[in-house]
Amino acid sequence: GPVVIILDDEETATLPLCRFIQIDGGFNTKYFKYSKSVLALLQEKPYPDAYILDWTLSGGETSRSLIEAIRRVDENCPIILLTGTIQARTENESDIAELVRIYNIDVLLKPFPASIIVEKLKSVLSQTSQIYSEGVDEY
């Protein structure tokens with residue numbers, strides 16, 4: 001199945017989600033705890049089919065720079081941003097809204113049922129494959 005990268009510094013909460021996405025969604029998930037590990041994947045093709053990124057990472061880092069790096073190499077790849085911080089810290093709201101606008105990402109607020117993310121992945125990946133196939137038909 002499609003390769004989905006999952007970045008979250010909370011391993012105990014994320015690993016069951018990874019398994020659910022694999023089993024229920026048929027996706028090939030790869031879990032990472034640190035953004036620098038995901039950045040390394042962008043050095044060579046093939047790139048992953050989709051990304052699920054937690055907004056708030058350890059050490060006060062956010063996924064902003066990683067989203068920017070992904071978009072430099074892959075303009076259309078689906079990115080789903082997970083956040084529970086919008087309610088907690090309003091300064092993040094404008095940052096996340098800007099990323100949605102500029103980089104065409106999706107946002108899911110935590111907590112959410114795992115089935116929602118599987119359906120979201122299926123939806124965004126089917127839209128992406130339509131974009132690519134429409135582009136091929138033009139040539």
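Reader: What makes the approach of the side chain of R71 to the backbone oxygen of Y103 a polar contact?

Author: In this predicted model, a polar atom of the R71 side chain lies 2.8 Å from the backbone oxygen of Y103. A polar contact is a pair of N or O atoms within 3.5 Å; within protein, one must be able to donate a hydrogen and the other to accept it, and residues adjacent in sequence count only if both atoms are side-chain atoms. The side chain of R71 also reaches the backbone oxygen of C77, at 2.8 Å. Local features need pLDDT of at least 70, side-chain atom pairs count only at pLDDT 80 or more, and totals for chains, interfaces and linings use all residues. Residues are numbered from 1 along each chain as its sequence is written, and side-chain values use heavy atoms, leaving out hydrogens and water.

Reader: Why is R71 said to have no salt bridge?

Author: A salt bridge requires a side-chain nitrogen of Lys or Arg within 4 Å of a carboxyl oxygen of Asp or Glu. The nearest side chain of opposite charge, D74, is 5.3 Å away, so R71 has no salt bridge. R71 is nevertheless buried, a term for under 20% relative accessible area (exposed is over 50%, partly exposed in between; 1.4 Å probe, protein chains only).

Reader: Which strands stand at the edges of the sheet, and why?

Author: The open, parallel sheet has 5 strands in the order β2-β1-β3-β4-β5. β2 (28–32) and β5 (106–109) each have a single partner strand, so one side of each is left without a neighbour in the sheet.

Reader: How do you know that β4 and β5 pair?

Author: Two strands pair if DSSP finds at least two bridges between them; 4 bridges join β4 (residues 79–83) to β5, therefore the condition is met. In β5, L108 is the bridge partner of L82.

Note on methods
Lys, Arg positive; Asp, Glu negative; His and termini not counted. Helix = DSSP H or I, 4+ residues; strand = E, 2+ residues; numbered from the N terminus.
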